[in-house]
Amino acid sequence: MPNGQPTHREAVWTLVRQLKTFDVMAILRNAKGQNGLKQDNVSYYLRGWERAGYLSVEPCAQRGQAKVYTLVKDTGVNPPRVNVKGKPITQGDKRLQMWNTLRITRQLNYRELAAMASTDDQPIAVNDAQDYLFNLYRAGYLIQVSPSCNSGTLAVYRLKPAMNTGPKPPLVQRTQVVIDQNLRQVVWPRGEEVQGDY
């Protein structure tokens with residue numbers, strides 16, 4: 001997916017909010033500029049939102065007639081993150097917790113980040129916090145306030161004000177590519193192409 005474009009999930013949800021009542025084909029007809037968006041993708045999102053209670057379905061007048069959906073619970077511009085069964089998608093929640101902590105805390109090391117970002121439901125492992133800080137520092141999000149030293153003192157970091165790009169946490173992919181979800185672009189390494197629906 002090219003930089004700067006909404007994800008398929010975001011594009012479908014935007015159309016759901018605009019159309020209010022629709023079927024799968026209405027979404028596809030109105031999804032201009034969404035390369036690679038297929039009927040199966042749209043059906044997946046709509047079924048999940050229906051089962052989670054965001055959409056209702058009108059009874060079909062005839063057998064084989066397309067489902068007609070109506071938006072009944074509008075949560076705003078960000079699409080609900082649920083799977084096809086309507087269950088919340090929790091992947092990425094820990095990164096969100098760490099990102100929110102970085103946005104509100106003046107400066108910290110990775111152990112402090114793990115402790116401050118942890119919740120009872122989503123504890124953050126120390127090595128996860130260390131890895132996230134390392135990748136954000138390398139991608140240019142953080143300033144190193146003080147380095148680590150042999151005495152055991154840990155490096156301390158602070159979020160650069162200019163890199164506080166919004167509420168969505170930067171994604172660190174398995175390939176170590178860092179994607180800013182708010183800017184919808186790759187920030188490290190430079191020149192990489194965003195692939196997939198992030």
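This text walks through the cores, helix packing and unusual backbone spots of the structure above. The model is predicted.

Start inside the protein. In soluble globular proteins, nonpolar side chains tend to be buried together. Here the largest nonpolar core holds 23 residues. Four of its members touch the most other members: Leu102, Leu113, Tyr141 and Leu142. Several elements build this core. The helices α4 (93–104), α5 (110–117) and α6 (126–138) each supply at least two residues, and so does the strand β5 (156–159). A second core is separate from this one and has 19 residues. Val12, Val16, Ala31 and Tyr54 are included in that second core.

Now look at Leu142 in the largest core. Which residues does Leu142 contact, leaving aside its neighbours within four places in sequence? One partner is Leu102. Leu133, Leu136 and Tyr137 also make contact with Leu142. The remaining partners of Leu142 are Tyr157, Arg158, Leu159 and Lys160.

Next come the helices. The axes of α4 and α6 come within 11 Å of each other. They cross at roughly 60°. Angles from 65 to 115 degrees would count as roughly perpendicular, and those under 35 as roughly parallel. The angle makes α4 oblique to α6. The crossing of these two helices is right-handed. On the α4 side, Arg95, Met98, Trp99 and Leu102 make the contact. On the α6 side, the contact is made by Asp128, Ala129, Asp131, Tyr132, Leu133 and Leu136. Sorted by class, the contact of α4 with α6 has seven nonpolar residues, three charged ones and no polar ones.

Helix α5 also packs against α6. Their axes are 8 Å apart, and the angle is about 115°. The crossing of α5 and α6 is right-handed. From α5, the residues Tyr110, Arg111, Leu113 and Ala114 take part. They meet Val126, Ala129, Gln130 and Leu133 of α6. By class, the contact of α5 with α6 has six nonpolar residues, one polar and one charged.

Turn now to the backbone. Most residues other than glycine have a negative phi, and most peptide bonds are trans. A few places in this model depart from that pattern. Lys20 has a positive phi of about 70°, although it is not a glycine. Lys20 sits in the loop between α1 (8–19) and β1 (21–22). Is Lys20 buried, partly exposed or exposed? Its relative accessibility is 44%, so Lys20 counts as partly exposed.

Arg184 is another such residue. Its phi is positive, near 55°, and Arg184 is not glycine. Arg184 lies in the loop between β7 (178–180) and β8. With a relative accessible area of 23%, Arg184 is partly exposed.

Strand β8 itself covers residues 185–188, and Trp188 is part of it. A cis peptide bond joins Trp188 and Pro189, with omega about -15°. Pro189 lies in the segment after β8. Trp188 counts as partly exposed because its relative accessibility is 25%. Beyond its neighbours within four places in sequence, Trp188 is in contact with Arg138 and Ala139. Gln176, Val177 and Val178 are its other contacts of this kind. For a sense of distance, compare Trp188 with Asp121. They are 67 residues apart in sequence. In space, they are 31 Å apart, C-alpha to C-alpha.

Terms used:
Residues numbered from 1 in each chain as written. Predicted model: local features only at pLDDT ≥ 70, side-chain atom pairs only at ≥ 80, totals over all residues. Heavy atoms only, no water. Core = buried A, V, L, I, M, F, W, Y, C linked by side-chain atoms within 4.5 Å. Buried < 20%, exposed > 50% of the residue type's maximum accessible area, 1.4 Å probe, protein only. Helix = DSSP H or I, 4+ residues; strand = E, 2+ residues; numbered from the N terminus. Contact = heavy atoms within 4.5 Å. Axes fitted to C-alpha atoms, helices over the stretch in contact; angles between N-to-C directions. Parallel < 35°, antiparallel > 145°, perpendicular 65-115°, else oblique. Left-handed = near helix turned anticlockwise from the far one by under 90°. Nonpolar A, V, L, I, M, F, W, Y, C, P; charged D, E, K, R; others polar.
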